[in-house]
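Please work through the exercises below with the sequence and the 3D structure open beside you. Each task is followed by a solution that goes step by step.

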Amino acid sequence: MTETVAEGTTAGAPNGGSAAPFEALSLVPRAEAPQSMKDFKSDQEVRWCPGCGDYAVLAAVQGFMPELGLARENIVFVSGIGCSSRFPYYMNTYGMHSIHGRAPAIATGLASSRRDLSVWVVTGDGDALSIGGNHLIHALRRNVNLKILLFNNRIYGLTKGQYSPTSELGKITKSTPMGSLDAPFNPVSLAIGAEASFVARTVDSDRKHLTEVLRQAAAHPGTALVEIYQNCNIFNDGAFEVLKGKQQAQEAVIRLEHGRPIRFGTPWSEEDGGDGLGSKGVVRDQATGDLLVVDVTAENAAAVLVHDAHATSPTTAFALSRLADADTLHHTPIGVLRSVERPVYDTLMADQLEAAVERHGKGDLSALLHGNDTWTVAG
């Protein structure tokens, strides 16, 4: 037997994990007993290339899921096609390895019809942004209660190294021997432009940060998109190295935290009159309205923006997503760029169905199928 938490109550972790509320999962039955990472490991051999970043993401997800305290039979992972799409095999939950690019569509139907499920989508930059681009943007705009993990390695790995929709301009691959001519998608910019209510970015090798982003995504009511920079060590090794080395990352990564100044870089020494925060900051150009990265001084410190992930307007979140240089990845923001409340599609649909039943009665499917609008075709 499993226990269902009443809608609107706190569904915190029963296993000694975070006590954060998970209202978005309040209709999902709870596990009877405490869970561990081992409970979410399936009996399938994990078959990714040795050293692939997918291993780190899998371990982070398996380690995080016990925090939710949900019955495993009410958790579903849906994937499309690609290296990342093997994910459902390795999770000891329900899952579906579906069709190329169509995971958001399948997950939408599942989440809308079964509100007692926690539905997750695992996809890649090629799967989600090429053949699946249309399905992705409509899942985001509808705000269905599902969580989308978009693994971005900026290459097609499963088909052996062709350029992808996120590959940088001029990228030399098997399919672009003279360099790619395509301008790359910025996945978080695309999501914010599609009016996604939750948009975040993290990195495969930063377990602590990845887990915290997953925690916030799980708690969010509606669609949450999490872009995960993931290293393909066979066909695009080191694509995100500048964001990982401690010294390099300090100058390249902008760690966004709601309610805190957007500062990064080498700490501004208090001995030099600084405040101990990063020596670089993000300010708004008063003439153009654009965001700029500046060296922080005593004169401009007060002008540094304070991150507001809950701002109703997506304008600043979109501008933050455009700071990163597509080639060098300098000034790459990670963390939650946007998290706002919008009506959730499955809740609205359930309300409409209830209203229809109240108005017209429960209905008779057999009577509908055999009603007046049928024909007999003479042989």
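**Exercise 1: a hairpin and its sheet**

In this predicted model, β11 and β12 form a hairpin with six residues between them, and G289 in the turn has a positive phi of about 85°.

Task: Establish how many bridges join strand β11 to β12, and in which order the three strands of the open sheet lie.

Solution. Step 1: begin with the hairpin itself, where strand β11, residues 278–284, is joined to β12 by five bridges, the two strands running antiparallel. Step 2: locate individual pairs along the hairpin, among them K280, whose bridge partner in β12 is D295, and G281, whose partner in β12 is V294. Step 3: turn to β10, which pairs with β11 in the antiparallel sense over three bridges, with P267 standing opposite G278 in β11. Step 4: put the strands together, which gives an open sheet in the order β10-β11-β12 with antiparallel pairing. The edge strands are β10 (263–267) and β12 (291–295), each of which pairs on one side only. Neighbouring strands of this sheet are turned by 25° against each other on average, with direction ignored.

**Exercise 2: the eight-stranded sheet**

Task: Find the edge strands of the open sheet of eight strands, and name the strands that α7 touches where it packs on the sheet.

Solution. Step 1: write down the strand order, which is β4-β3-β5-β6-β8-β7-β13-β9, and note that the pairing is mixed. Step 2: read off the edges, which are β4 (94–97) and β9 (253–255), since each of these is listed as pairing on one side only. Step 3: consider the twist, for which neighbouring strands of this sheet are turned by 20° against each other on average, direction ignored. Step 4: add the helix, for α7 packs on the sheet and touches β5 (118–124), β6 (147–152), β7 (198–203), β8, β9 and β13 (332–339), while its direction makes about 165° with that of β7. Step 5: examine one pairing in detail, that of strand β3 (residues 75–79) with β4, which is parallel and extends over four bridges; here S79 stands opposite H97 in β4.

**Exercise 3: the surroundings of T223**

Task: Decide whether T223 is buried or exposed, and work out which backbone oxygens its side chain reaches.

Solution. Step 1: place the residue in the chain, where T223 is found in the loop between α7 (207–219) and β8 (224–229). Step 2: apply the cut-off, under which a residue is buried if its relative accessible area is under 20%; T223 counts as buried because its relative accessibility is 0%. Step 3: follow the side chain of T223, which reaches the backbone oxygen of V144 at 2.6 Å and the backbone oxygen of A139 at 3.2 Å. Step 4: list the wider contacts, in which T223 touches A139, L140, N143, V144, N145, L146, I148, S197 and F198, not counting residues up to four places away in sequence.

**Exercise 4: the whole chain**

Task: Judge why the chain is described as being as compact as a globular protein of its length.

Solution. Step 1: take stock of the elements, which are eleven helices and 13 strands. Step 2: compare the radius of gyration of the chain, 23 Å, with the 21 Å that the globule rule gives for 379 residues; the two values are close, so the chain is as compact as a globular protein of that length. Step 3: set beside this the burial, with buried residues making up 47% of the 379 residues. Step 4: consider the contacts with a separation of 6 or more, of which 65% are accounted for by residues 24 or more positions apart.

Notes
Residues are numbered from 1 along each chain as its sequence is written. This is a predicted model: local features need pLDDT of at least 70, side-chain atom pairs count only at pLDDT 80 or more; totals for chains, interfaces and linings use all residues. Side-chain values use heavy atoms; hydrogens and water are left out. Buried means under 20% relative accessible area, exposed over 50%, partly exposed in between (1.4 Å probe, protein chains only). A polar contact is a pair of N or O atoms within 3.5 Å; within protein, one must be able to donate a hydrogen and the other to accept it, and residues adjacent in sequence count only if both atoms are side-chain atoms. Contact means heavy atoms within 4.5 Å. Two strands pair if DSSP finds at least two bridges between them. Axes are lines fitted to C-alpha atoms, for helices over the stretch in contact, and angles run from 0 to 180 degrees between N-to-C directions. The radius of gyration is taken over C-alpha atoms; the globule rule is 2.2 Å times the number of residues to the power 0.38.
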